[in-house]
Amino acid sequence: MRFGKGLVSRSPVVLLLFVLSLFFCTGSFAAGGHNAHWGYEGEEGPEHWAGISEEYKACSSGKSQSPVDIKDAAGADLKAITFNYKSSRINILNNGHTVQVNYDEGSSIEVDGVKYDLLQFHFHGPSEHTVKGEFSDMEMHLVHRDKDGNLAVVGVMMEVGTENEALSGVWANLPEEKSDAMTVKGAVEAEKLLPKDRSYYTYSGSLTTPPCTEGVKWIVLKNPVQLSGEQIEAFAGIIEDNNRPVQPLHGRKVTGKQ
């Protein structure tokens with residue numbers, strides 16, 4: 001990332017916004033950038049997250065946590081989401097919890113008249129959300145943010161099948177060890193990562209990793225995309241079982257015809 005020469009002369013407000021933009025663009029908010037170490041098993045597993053750090057209290061006290069089991073969804077004809085995705089360089093990292101691609105600026109979605117910019121996408125295996133109690137082999141999360149800092153995450157279920165050519169450049173460069181972001185040869189087109197039918201479920205939830213911040217708009221696409229068995233195995237060989245258990249709804253409604 002290149003910094004403008006005039007940055008040091010900007011106002012404190014501009015500097016603060018710049019620092020915040022770095023924080024969000026690196027994806028640390030959605031993929032475990034906090035100092036307190038957490039994981040998916042043992043004493044650092046999901047049932048212990050709230051006790052690891054004061055910042056993680058919402059992981060147990062929150063009433064709008066994610067992921068959830070999608071069943072008995074409230075039927076509604078939801079407005080189509082407008083996906084304005086462009087291609088991006090492959091800016092890839094392994095943060096110790098997932099493999100993530102930081103997306104170049106300029107891509108967004110529009111939901112109910114609100115624009116959310118695409119920041120990054122990452123993976124969980126097996127899926128975090130379930131549908132009527134059933135897991136998918138993997139789940140991809142595309143993380144977006146609006147101008148006010150509100151988050152919207154598009155969840156895409158992934159099942160074993162044919163090779164996913166749209167992810168071939170990403171999979172050819174999967175970092176086997178924890179690493180900083182690096183830009184590798186090739187490009188990725190988020191538009192091609194989605195199923196053709198983009199009907200969806202939606203509900204109000206949280207980040208699925210510490211600090212489990214609530215107020216996240218979740219958009220879970222109903223239709224899966226496919227990965228080959230070899231692709232799924234390649235991810236599992238690096239990141240194994242990085243899915244948080246489903247959380248109680250506490251009276252929330254998942255909307256979308258089932």
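A residue counts as buried when its relative accessible area is under 20%, as exposed when that value is over 50%, and as partly exposed in between. By this rule, buried residues make up 47% of the 258 residues in the protein chain. The model is predicted. The chain holds five helices and 13 strands. Contacts between residues at least 6 apart in sequence were also examined, and 68% of them join residues at least 24 apart.

Aromatic side chains were considered next. A search of the whole structure finds ten aromatic pairs. One of them joins Phe 123 and Trp 171. This pair is edge-to-face, with 5.1 Å from centre to centre and 85 degrees between the planes. Phe 123 belongs to strand β6, which covers residues 114-124, and Trp 171 belongs to helix α4, residues 168-171. The pair therefore ties together parts that are 48 residues apart in sequence. Phe 123 has a relative accessible area of 0%, so it is buried. Trp 171 is buried too, because its relative accessible area is 11%, and the limit is 20%.

Phe 123 also takes part in an aromatic pair with Phe 235. This pair is again edge-to-face, at 6.2 Å centre to centre and 65 degrees between the planes. Phe 235 lies in helix α5 (residues 229-236), while Phe 123 lies in strand β6, so the pair ties together parts that are 112 residues apart in sequence. Both Phe 123 and Phe 235 are buried. These rings belong to one aromatic cluster, formed by Tyr 103, Phe 121, Phe 123, Trp 171 and Phe 235.

Charged side chains also lie over rings. Arg 198 lies over the face of Phe 83, at 5.3 Å from the ring centre. Lys 222 lies over the face of Tyr 201, at 5.1 Å from the ring centre.

Two loop residues illustrate different settings in the chain. Ile 81 lies in the loop between β1 (69-70) and β2 (82-84). Its relative accessible area is 11%, so Ile 81 is buried. Neighbours within four places in sequence were left aside when its contacts were listed. The remaining contacts of Ile 81 are Ile 109, Glu 110, Val 111, Tyr 200 and Ile 219. Ile 81 and Glu 110 are 29 residues apart in sequence, yet their C-alpha atoms are 5.9 Å apart in space.

Lys 57 is found in the loop between α2 (49-52) and α3 (58-61). It is partly exposed, because its relative accessible area is 38%, a value between the limits of 20% and 50%. Lys 57 touches Ala 50 and Gly 62, not counting residues up to four places away in sequence. Lys 57 and Thr 213 are 156 residues apart in sequence, and the distance between them is 9.4 Å from C-alpha to C-alpha.

The backbone shows some special geometry. The peptide bond from Gly 125 to Pro 126 is cis, with omega near -5 degrees. Pro 126 sits in the loop between β6 and β7 (130-131). A cis peptide bond also joins Pro 210 and Pro 211, where omega is about 15 degrees. The loop that holds Pro 211 runs between β11 (200-206) and β12 (214-221).

Positive phi values were found in residues other than glycine. For Lys 132, phi is near 55 degrees. This residue lies in the loop between β7 and β8 (138-145). Lys 132 counts as exposed, because its relative accessibility is 58%. For Asp 241, phi is near 50 degrees. Asp 241 is placed in the segment after α5. With a relative accessible area of 45%, Asp 241 is partly exposed.

Asp 241 also helps to line a pocket. Rolling a probe the size of a water molecule over the atoms shows where empty space is left. The second largest pocket has a volume of about 230 Å³. Its lining includes Gly 39, Tyr 40 and Glu 41. Asn 94, Gly 96 and His 97 line the second largest pocket as well. The lining is completed by Ile 238, Ile 239, Glu 240, Asp 241 and Asn 242. By type, the lining residues divide into three nonpolar, five polar and three charged.

Key:
Residues are numbered from 1 along each chain as its sequence is written. This is a predicted model: local features need pLDDT of at least 70, side-chain atom pairs count only at pLDDT 80 or more; totals for chains, interfaces and linings use all residues. Side-chain values use heavy atoms; hydrogens and water are left out. Helices (H or I, at least four residues) and strands (E, at least two) are DSSP runs, numbered from the N terminus. Buried means under 20% relative accessible area, exposed over 50%, partly exposed in between (1.4 Å probe, protein chains only). Contact means heavy atoms within 4.5 Å. Rings of Phe, Tyr and Trp (its six-membered ring) pair if their centres lie within 6.5 Å; planes under 30 degrees apart count as stacked, over 60 as edge-to-face and the rest as tilted. A charge sits over a ring if NZ of Lys or CZ of Arg is within 6 Å of the ring centre and within 35 degrees of the ring normal. On a 1 Å grid over the protein atoms alone, a cavity is a set of points where a 1.4 Å probe fits but cannot get out, and a pocket is an open set with protein on both sides within 12 Å along at least five of seven lines; lining residues have an atom within 4 Å of a point. Grid points are joined across faces, edges and corners, and a volume is the space filled by probe spheres set on the points. Ala, Val, Leu, Ile, Met, Phe, Trp, Tyr, Cys and Pro count as nonpolar, Asp, Glu, Lys and Arg as charged, and the others, Gly among them, as polar.
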